[in-house]
Amino acid sequence: MATIDISYLYLGVGLLLLLVPIYYLWRYETGLLKGFCIGAVRMIVQMLFIGVYLRYLFAWNNPVINCLWVFIMVYIAAETAITRTNVRRGVLMMPLVVGFVVSSVLVGLYFLGIVLQLNNVFSAQYFIPIMGILLGNMLTVNVIAVGTFYSGLQREQNLYYFLLGNGASQSEALVPFVRQAIAKSFSPTIANMAVMGLVSLPGTMIGQILGGSTPDVAIKYQIMIVVITMSASMLSLMIAIRLSVKRAFDGYGRMKNVMRSKG
């Protein structure tokens, strides 16, 4: 079954649906209208630009260029996470980059090479979309979890020092804060995963079906997408926390000033 294209004219017609949230954001004076409009415009421009760029990226299909593009995505994801978590750049930048690269490489290449059994795991058609999905999910999880971890430590330092004073190692004293970070960042994903296919139909699966794939093929891909995004997100988070802790505490286990001033 051939994919039904959307002309730019009717893409514009479809974008008129944005008037619904715009109206209610304005009507109830939420303060979100400006941010929503800027975000929507940026999303549209960026996606159209990426569409053009990916057309050439797929045509070239050069492993070096593909990897370079993924590293650019990693850098942008790390910068975005730092901005949203309000943690100092020197504490978080390197741990995030390492976590994103290691997790996306290990999990992504495992999926492409072992599960899909591709002869060329760096094929742009598969490599770029899979790395994009992984990085997008890792970014969301790390923003929530790392922010929760360090804000919790700053707010409840007495608990951390109490545990240290009662004989706990630093890793043991950090367990409550890691637990809280994991719970807050993964709870929505786990809740959504439990009703997937019954209450919600995931966008990846719908996109594949609309693109001409049979439902059983789309479902198998969707299952694996959930598995690899969960695995990569958890691995990247653990790496980021472990490496950033080495920068956030001194040699005596005392927490440094890791949060940027909001002023």
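Trp26 counts as exposed, at 53% relative accessibility. The cut-off for that label is over 50%, and Tyr23, with a relative accessible area of 39%, is therefore partly exposed instead. Please keep in mind as you read that this is a predicted model.

Let's stay with these two residues for a moment. Tyr23 and Trp26 are three residues apart in helix H2, which spans residues 19-27, so about one helical turn separates them. What do their rings look like as a pair? A pair of aromatic rings is described by the distance of the centres and the angle of the planes. For Tyr23 and Trp26, the ring centres are 5.9 Å apart and the planes stand at 50 degrees, so the pair is tilted. A tilted pair is what remains between the stacked range, under 30 degrees, and the edge-to-face range, over 60.

The two rings also have company. Tyr23 and Trp26 belong to one aromatic cluster together with Tyr24 and Tyr28. If you look at Tyr28, you will find the charged end of Arg27 sitting over its ring, 5.2 Å from the ring centre. In total, the structure holds ten aromatic pairs.

Moving along the chain from H2, you come to Thr30 in the loop between H2 and H3. Thr30 is partly exposed, with a relative accessibility of 39%. A useful way to place Thr30 is to compare its sequence and spatial separation from Gly152: the two are 122 residues apart in sequence, and their C-alpha atoms are 28 Å apart in space.

Now step back and take in the whole chain. The secondary structure comes to ten helices and zero strands, so a walk from the N terminus reads as α-α-α-α-α-α-α-α-α-α. The C-alpha atoms fill a box of roughly 65 × 55 × 40 Å along the principal axes. Of the 263 residues in the chain, 32% count as buried.

With that layout in mind, turn to the largest pocket, which has a volume of about 1600 Å³. Its lining is made up of 35 residues, and those nearest its centre are Met43, Gln46, Met47, Leu48 and Ile50. Which elements give two or more residues to this lining? They are helix H1 (8-15), helix H3 (33-60), helix H4 (63-85), helix H6 (124-155) and helix H9 (203-210). H3 gives the most, with 13 residues. Sorted by class, the lining has 22 nonpolar, nine polar and four charged residues.

The loops at either end of H4 each offer a backbone detail. Asn61 lies in the loop between H3 and H4, and its phi is near 50 degrees, a positive value in a residue other than glycine. Asn86 lies in the loop between H4 and helix H5 (89-115), and it too has a positive phi, of about 65 degrees, although it is not a glycine. Are these two asparagines buried or exposed, or something in between? Asn61 is partly exposed, with a relative accessible area of 31%. Asn86, at 18%, falls under the 20% cut-off and so counts as buried.

Two cysteines deserve a look as well. Cys37 is partly exposed, with a relative accessible area of 28%, and Cys67 is likewise partly exposed, at 22%. How many disulfides are there in the model? The count comes to zero, which means that no pair of cysteine sulfur atoms lies within 2.5 Å.

Finally, follow the chain to its later part. Lys184 sits in helix H8, residues 170-194, and counts as exposed at 53% relative accessibility. The C-alpha atoms of Lys184 and Val199 are 22 Å apart, with their positions 15 residues apart along the chain. Further on, Arg260 belongs to the segment after helix H10 (215-248). Arg260 is partly exposed, at 28% relative accessibility. From Arg260 to Pro202 the C-alpha distance is 37 Å, and the two are 58 residues apart in sequence.

Terms used: Residues numbered from 1 in each chain as written. Predicted model: local features only at pLDDT ≥ 70, side-chain atom pairs only at ≥ 80, totals over all residues. Heavy atoms only, no water. Buried < 20%, exposed > 50% of the residue type's maximum accessible area, 1.4 Å probe, protein only. 1 Å grid on protein atoms, 1.4 Å probe; cavity = no way out; pocket = protein on both sides within 12 Å on 5 of 7 lines; lining within 4 Å. Points joined across faces, edges and corners; volume = space filled by probe spheres on them. Helix = DSSP H or I, 4+ residues; strand = E, 2+ residues; numbered from the N terminus. Nonpolar A, V, L, I, M, F, W, Y, C, P; charged D, E, K, R; others polar. Phe/Tyr/Trp six-rings, centres within 6.5 Å; stacked < 30°, edge-to-face > 60°. Lys NZ or Arg CZ within 6 Å of the ring centre and 35° of its normal.
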